[in-house]
Amino acid sequence: MRKIERNGTRPGRPQPGLLQAIVVGSGAGGAAAARELQGSYQVTVLEAGREFRRLGLSVRWMERLRNWRLLVDERMIRLVFPAMHVRRSAEGLVHVNGAGTGGTTTLSAGNALRMDESLREIGIDLDREFEELAREVPVSTAHRRSWSAATRRLFELCEQAGLAPRPTPKMVDFERCRHCGRCVLGCPYGAKWDSRRFLEDAKAKGARLVTGCSVREVVIRGGRAVGVRGRVGARAVFFPADLVVLSAGGLGTPAILERSGIRCEPRLFVDPVLCVAAPWPGSRQHHELPMPFVVQRPGYIISPYFDYLSFLFNRSWRRPASRMLALMIKLADSERGRVPARGVGLEKRLTAEDRRRLAEAETLCRQILVRFGADPADIFLGTLNAGHPGGMLPLTSAEAASLHPARLPANLYVADSTLLPRSLGNPPILTILALAKKVARAAMAALEAARRPAA
Ligand SMILES: Cc1cc2nc3c(=O)[nH]c(=O)nc-3n(C[C@H](O)[C@H](O)[C@H](O)COP(=O)(O)OP(=O)(O)OC[C@H]3O[C@@H](n4cnc5c(N)ncnc54)[C@H](O)[C@@H]3O)c2cc1C
Ligand code: SF4
């Protein structure tokens, strides 16, 4: 009898007669591509992380660990939360990504925005894919009735200032949501959508998933990708493939490409985040859905957000969680930076223009908090961090139809944020899902056409 997995899905039977596709990574891009490909190909998803486990630690315990001075560096988060991976680049910028099934989508705040302007500008039409996603991913703004008094007041202040705030569309099932505020630590109630749902769909159709498998390189012979090489624990492994799709994320995919001898562009963007906070007794922002509304400004967004990373590791945040109120700035940064082949020692600095825009946004946040009633002298900042990397193999208008960067072998594709032409400064999951679906279809069509005998 076939095994029924803990989440209730029954893995489908592998389909041995099919050509083999390897998908690297199970985040937004990988899960969407695997779901699309399985059935036409026998898909194996290789994921470096393990099965996702949320952070179970209570806020009281977080406060204790912090007060005992046990949390000194953001990279230590892995000790208690292995699914969260943190690295640092120049200027101390902290980069956060998910390392486990579901990739970074398991750590998301649940925001679901269509953000494909830069793709449309180069001729990529994702209407069909977004229409499908509207049926497949539950998106709603039905959280407004649960906003706290503080959030409602912040929203009013933004409206009065002419900032046109909008309730944020969320990939959350609000029948199940308990408004616990722990979205970025993993949803305890299964209310938040993440890409493990697409992964389970792919598995139900017969896809295989190998966790703990870190892919080192794509093996290319005679101009074709013949498989990928990596490690499962201490064991070296090789997976042969007829089609390889890299979806290891904006930091993982360029590192694999570089190790495979394929140069990427030094155009890394990361969407830096800075929180501007004030003491506010009884705010209880940590018990509220993060980013309930969003203000869109040229080059950045502003949204209320309790920043767990700063709360745990930043000295200025050593206060009770229930007595702080924060606004997040998320910047659309310049496309300048790179991931070296070894994947460590990220090169990413903010440019003078990035700094100027960040300062403008910080001033605006301070003004909003002061209008709210905060004392200007008490306002403090969070840790500069980032979690939306991408852009190192940007699609161009010449590639709009094939979705295949010319420098890749014909049977090697990329399906993740690495393809985005520029920083969105906005939540990218929905756009990556749509793009990955289209890339998978384009790959199947191109390889099918190549196999057909010439007329
Ligand atoms: C705290 C936080 C909150 C966020 N909130 C939102 C939000 O609300 N809405 C939104 O749209 N976006 C949000 N994002 C961003 C979003 O989650 C990511 O941009 C998105 O998941 C990227 O998709 P991806 O497919 O490019 O990569 P990922 O989802 O990061 O997936 C990459 C996967 O590849 C695996 N991998 C990497 N290297 C290898 C290798 N060598 N071998 C095998 N596997 C490998 C990784 O373990 C990972 O599972 C948030 C990000 C963070 C950090
Ligand atoms: S607020 Fe809590 S229950 Fe609601 S989606 Fe986020 S983590 Fe899940």
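## Strands, a covered helix and a surface patch

In the hairpin of strand 3 and strand 4, with 5 residues between the strands, E91 has a positive phi near 65°. The model is predicted, so local features need pLDDT of at least 70 and side-chain atom pairs count only at pLDDT 80 or more, while totals for chains, interfaces and linings use all residues. Residues are numbered from 1 along each chain as its sequence is written, and side-chain values use heavy atoms, with hydrogens and water left out. Helices (H or I, at least four residues) and strands (E, at least two) are DSSP runs, numbered from the N terminus.

Strands of a sheet pair through backbone hydrogen bonds, either parallel or antiparallel. Here two strands count as paired if DSSP finds at least two bridges between them. The pairs are tabulated with one residue pair from each.

| Strand pair | Sense | Bridges | Opposite residues |
|---|---|---|---|
| Strand 3 (residues 84–88) and strand 4 | antiparallel | 5 bridges | V86 and V96 |
| Strand 4 and strand 18 (residues 385–386) | parallel | 2 bridges | V94 and N385 |
| Strand 7 and strand 8 (residues 224–232) | antiparallel | 8 bridges | E217 and R229 |

Strand 4 (residues 94–98) is largely enclosed by the rest of the structure, because 5 of its 5 residues are buried. Buried means under 20% relative accessible area, exposed over 50%, and partly exposed in between (1.4 Å probe, protein chains only). One side of strand 4 carries V94, V96 and G98 and the other H95 and N97, all of them buried.

Strands 7, 8 and 9 form an open antiparallel sheet in the order 7-8-9. Strand 7 (213–221) and strand 9 (235–240) are at the edges with a single partner strand each, so one side of each lacks a neighbour in the sheet. Neighbouring strands of this sheet are turned by 25° against each other on average, direction ignored.

In helix 8 (residues 249–259), 9 of the 11 residues are buried, among them L251, I256 and L257. The buried residues of helix 8 pack against strand 1 (20–24), strand 3, strand 4, strand 7, strand 10 (243–246) and strand 19 (412–414); contact means heavy atoms within 4.5 Å. G261, which follows helix 8, has a positive phi near 85°.

At the surface, W61, W68 and L70 make a nonpolar patch of about 350 Å². Patch residues have over 30% relative accessible area and no salt bridge, and nonpolar side chains are joined within 5 Å. W61 lies in helix 2 (residues 59–67) and is partly exposed, with a relative accessible area of 39%.

How values were computed:
Chains are lettered from A and ligands numbered from 1 in the order in which they are written. Patches are made of residues with over 30% relative accessible area and no salt bridge: like charges are joined within 9 Å, nonpolar side chains (Val, Leu, Ile, Met, Phe, Trp, Tyr) within 5 Å. Accessible areas come from the Shrake-Rupley method with a 1.4 Å probe; for residues, only the protein chains shown count as cover. A salt bridge is a side-chain nitrogen of Lys or Arg within 4 Å of a carboxyl oxygen of Asp or Glu. Axes are lines fitted to C-alpha atoms, for helices over the stretch in contact, and angles run from 0 to 180 degrees between N-to-C directions.
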